[in-house]
Protein chains: 2
Amino acid sequence: MTILRSPLADGSARGIPDATVARLPIYLRALNGLTEQGVATCSSNDLAEQAGVNPAKLRKDLSYLGSYGTRGVGYDVEYLRYQIAREIGQTQDWDVVIVGVGNLGSALSAYQGFSTRGIRVAALVDADPDRVGTIVSGITVSSLDDLITIVEDRAISIGVIATPGTAAQEVADRLVAAGITSILNFAPALVQVPDGVDVRKVDLSIELQILAYHEQRKAGSDKAGGAA
Amino acid sequence: MTILRSPLADGSARGIPDATVARLPIYLRALNGLTEQGVATCSSNDLAEQAGVNPAKLRKDLSYLGSYGTRGVGYDVEYLRYQIAREIGQTQDWDVVIVGVGNLGSALSAYQGFSTRGIRVAALVDADPDRVGTIVSGITVSSLDDLITIVEDRAISIGVIATPGTAAQEVADRLVAAGITSILNFAPALVQVPDGVDVRKVDLSIELQILAYHEQRKAGSDKAGGAA
DNA sequence: ACGATTTTGTTAACGCGTTCACAAACTCTT
DNA sequence: AAGAGTTTGTGAACGCGTTAACAAAATCGT
């Protein structure tokens, strides 16, 4: 239980704010775009525009990583790209296991965007015996009962829940029991996990419901769409 | 151009914070769960636990809508459910058009969670002629060129981008031209839209990259996984 | 009827994140 | 070499969201 936070013991910056961490992949993508355009150097203004953020915010975010720019010049695109990639662990590939090979799980397993961002779908798992053994996106679907073996053998630390909401907690428990310490939950249910396990939630319905709220607000000004 | 914000002219509360709006669907789901369990009344503690938030936060959120609870008693589940549903526009169904019927678009069109949350996939659109005319989730795929007609005929105000990143801006432009005023963007690219159009972004890779960052942090304590 | 108990609605403090503004540091021109 | 022009890195102000704390208002028990 080495809980010691080690405040900047080595060179690496520690304690990067969550909001910044969430933006680093965006910067990385923007830098990749600049590289493809043949841009070798960029200012914080350039990069901020590419990433769709305030330049000051960008600079502050980068300052948490270190001083990788040059005053009066800007940032070396390739150098900064590598530094961010190293910081967020994208110098290596991360294996993930997807639980639930329905429509969403299948789509995720085929998602093109993962491989270029250091994410590799290493295994597919489903509870339905009819699905076990079938091949999806080139991967043979395994049984949920084999989860522990799969996770241990391939040293997987990230799991994705793409099941119905009713199965989410059960799956989460099994993932944790298998040694998974990070979970991305697409199921419309919140899962309880022990300390030390990270959970992020993506809720497709809620995103649309939020948009619907704003739509109603817009319409309300004109036609006063009351629930008469 | 009635930009007047009308500070609580009628009964409806105005200016609900974004963070609160994002949680209202969660409360709604929690309330539905309580209804299914046959619970008729609940305290803020009960509901907050179901929703996975702080009770004080829940009460503050609800206070933006009005005073729908009873001191010493709690909230009537059905009554509160209706009030929230009305506030976020879920007393009606919202039609959405999904652009891009690849793996992700197909999965979204089949997603069970939408219908129970007032979201109805009203149309599917794709630029690929081979896909146009095929039937996906019971819906005939239309051509991207027919977008304007579809949106106008069915009075759709919400669009979903489920295309590759390279097509995202082009699709967004077409959606806006067709009259769409809210966009949910799944493509790994940021899109520019004029004022008055809301865009929300869901980035599947980034969610996993954020988890990978934390995984690296965890592992770093033990094996100092340096990029030597 | 009245005090004890429960629970909401709200105010105030706190913390985090964003943004501004500017000194430090670099390049370029003359 | 020195000043003008750029651009980074960061300290400070600001704003939003979260949380704690408590008064107001209802029920319950006697």
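# Surfaces near the DNA strands, strand pairing and backbone detail

Author: In this predicted model, the surface near DNA strand C has, by class, nine nonpolar, ten polar and seven charged residues.

Reader: Which residues come nearest to DNA strand C?

Author: There are 26 residues around DNA strand C, and those that come nearest are Pro17(A), Asn54(A), Gly72(A), Gly69(B) and Gly72(B).

Reader: And which elements supply at least two residues of that surface?

Author: In chain A they are α1 (18–36) and α3, and in chain B they are α3 and β3 (74–76). The largest share, five residues, comes from α3(B).

Reader: Turning to DNA strand D, which residues come nearest there?

Author: Of the 27 residues around DNA strand D, the nearest are Gly69(A), Gly72(A), Pro17(B), Asn54(B) and Gly72(B). Two or more residues each are given to this surface by α3 (55–63), β2 (69–70) and β3 (74–76) of chain A, and by α1 (18–36) and α3 (55–63) of chain B.

Reader: Which element has the largest share near DNA strand D?

Author: That is α3(A), with five residues.

Reader: How many residues of each class does the surface near DNA strand D have?

Author: The surface near DNA strand D has nine nonpolar, eleven polar and seven charged residues.

Reader: On to the sheet in chain A. What is the order of its strands?

Author: The order is β6-β7-β5-β4-β8-β9-β10 in chain A, an open sheet of seven strands with mixed pairing. Its edge strands, β6 and β10 (198–201), each pair on one side only.

Reader: Do take the β6 edge in detail. Is the pairing of β6(A) with β7(A) parallel or antiparallel?

Author: β6(A), residues 135–136, runs antiparallel to β7(A), and two bridges join them. Within this pair, Val136(A) stands opposite Ile139(A). The two strands form a hairpin with two residues between them, and Ser137(A) in the turn has a positive phi of about 50°.

Reader: What about β5(A) and β7(A), parallel or antiparallel?

Author: β5 (residues 119–126) and β7 (residues 139–143) of chain A pair in the parallel sense, over three bridges. The bridge partner of Val125(A) in β7(A) is Ser142(A).

Reader: And at the β10 edge, how many bridges pair it with β9(A)?

Author: There are four bridges between β9(A), residues 182–185, and β10(A), and the pairing is in the parallel sense. Leu184(A) there stands opposite Arg200(A) of β10(A).

Reader: Back to phi. What is the value for Ser137(B)?

Author: Ser137(B) has a positive phi of about 50°, although it is not a glycine. Ser137(B) lies in the loop between β6 (135–136) and β7 (139–143) of chain B.

Reader: Why does Ser137(B) count as partly exposed?

Author: Ser137(B) counts as partly exposed because it has 17 C-beta neighbours inside 10 Å, and partly exposed residues fall between the cut-offs of 12 or fewer for exposed and 20 or more for buried.

Reader: What is the phi of Ala155(A), and where is that residue found?

Author: The phi of Ala155(A) is near 55°, a positive value in a residue other than glycine. Ala155(A) is in the loop between α6 (147–153) and β8 (158–161) of chain A. With 9 C-beta neighbours inside 10 Å, Ala155(A) counts as exposed.

Reader: Lastly, at what angle do α1(B) and α4(B) pack?

Author: α1(B) and α4(B), residues 77–87, pack at an angle of about 150°, with their axes 10 Å apart. The angle therefore makes α1(B) roughly antiparallel to α4(B), since the cut-off for that description is over 145 degrees. The crossing of α1(B) past α4(B) is left-handed.

Terms used: Residues numbered from 1 in each chain as written. Chains lettered and ligands numbered in written order. Predicted model: local features only at pLDDT ≥ 70, side-chain atom pairs only at ≥ 80, totals over all residues. Near = placed C-beta within 6 Å. Nonpolar A, V, L, I, M, F, W, Y, C, P; charged D, E, K, R; others polar. Pairing = 2+ DSSP bridges. Axes fitted to C-alpha atoms, helices over the stretch in contact; angles between N-to-C directions. Parallel < 35°, antiparallel > 145°, perpendicular 65-115°, else oblique. Left-handed = near helix turned anticlockwise from the far one by under 90°.
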